[in-house]
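Colleague: I'm new to this one, so could you walk me through it once it's on the screen?
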Amino acid sequence: MENQKEIKVTTKEWSNPTPAGLVALSVACFCFFAMLNGLVEPSATRLVGCWLLGGFVVQVVVGLLDLKGGNYAGGNTFLFFSAFFMLVGGLEMFVKAGGGVDTRIDGFAWLALTVVLLLWTPAFLKTFSLLSLIVLTLDVALPFITLIDLQVLPKSFSPVPAYALLLAGLIAIYLSAALVVNTTFGKKIYPVIEPKSK
């Protein structure tokens, strides 16, 4: 009988996909900032839809991998953001561009998503971090978007969610960079808020 060498198979776990999801979120936040503040013409709507559809691809992958890795709050949040914030949002940009639709229905959908995010927020505050700040700024933006879409508030309130989204996008960019660079170098290059359990 031949000598059999033991073959050791090492399984490499997947890396943290959160930075990619944060980049997709920041792109959406910046696009919405520009649209809500009237910095781009309404004709940009279809292009924003394309960017959101790209974000959907990223965030659905991130959500699934986060869930596989045991990130319950983050994985579920990326998953529902991928579906509603990105996929539905992107597809709606094409539908709305044709006109003739009652967009108040968006307010009812955003109402559900706003309530979900507000109720899930404590999960992101258990260990305070930059991600907590992103969620808190979205907690400011989404109620205003909801009330504007429901036509409870006039569009003149649009700068409030616009600047909250810009802040969320900026924090998301910084956090994604910190995660990638700090992990690559194995040390803190970009300072971040260290999560502390409460």
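Colleague: Which residue follows α6, and what is its phi?

Modeller: Quick note before that: this is a predicted model, where local features need pLDDT of at least 70, side-chain atom pairs count only at pLDDT 80 or more, and totals for chains, interfaces and linings use all residues. Residues are numbered from 1 along each chain as its sequence is written, and side-chain values use heavy atoms, with hydrogens and water left out. Helices here are DSSP runs of H or I with at least four residues, numbered from the N terminus. Right after α6 comes a residue with a positive phi, near 70°: glycine 186.

Colleague: How far apart are the end C-alpha atoms of helix α6?

Modeller: The expected span is 1.5 Å times one less than the number of residues. Helix α6 has 27 residues (159-185), so it should span 39 Å. The model agrees, with the end C-alpha atoms apart by 39 Å.

Colleague: What kind of aromatic pair do phenylalanine 80 and tryptophan 120 make?

Modeller: Rings of Phe, Tyr and Trp (its six-membered ring) pair if their centres lie within 6.5 Å; planes under 30 degrees apart are stacked, over 60 edge-to-face, and the rest tilted. The count by this rule is eight aromatic pairs. In this one the centres are 5.1 Å apart and the planes sit at 80°, so the pair is edge-to-face.

Colleague: Which helices does that pair tie together?

Modeller: The two partners are 40 residues apart in sequence. Phenylalanine 80 lies in residues 72-97 and tryptophan 120 in residues 104-125, so the helices tied together are α3 and α4.

Colleague: Is phenylalanine 80 buried or exposed?

Modeller: Buried means under 20% relative accessible area, exposed over 50%, and partly exposed in between (1.4 Å probe, protein chains only). Tryptophan 120, its ring partner, is partly exposed at 32%. Phenylalanine 80 has a relative accessible area of 11%, so the word for it is buried.

Colleague: How many disulfides are there?

Modeller: A disulfide is a pair of cysteine sulfur atoms within 2.5 Å. The sulfur of cysteine 29 has its closest cysteine sulfur in cysteine 31, 9.5 Å away, which is too far for a bond. Cysteine 29 is buried at 0% relative accessible area, and cysteine 31 is buried at 17%. By this rule the number of disulfides is zero.

Colleague: Where is leucine 119, and is it buried or exposed?

Modeller: Leucine 119 sits in helix α4. Its relative accessibility is 63%, so leucine 119 counts as exposed.

Methods. Helix = DSSP H or I, 4+ residues; strand = E, 2+ residues; numbered from the N terminus.
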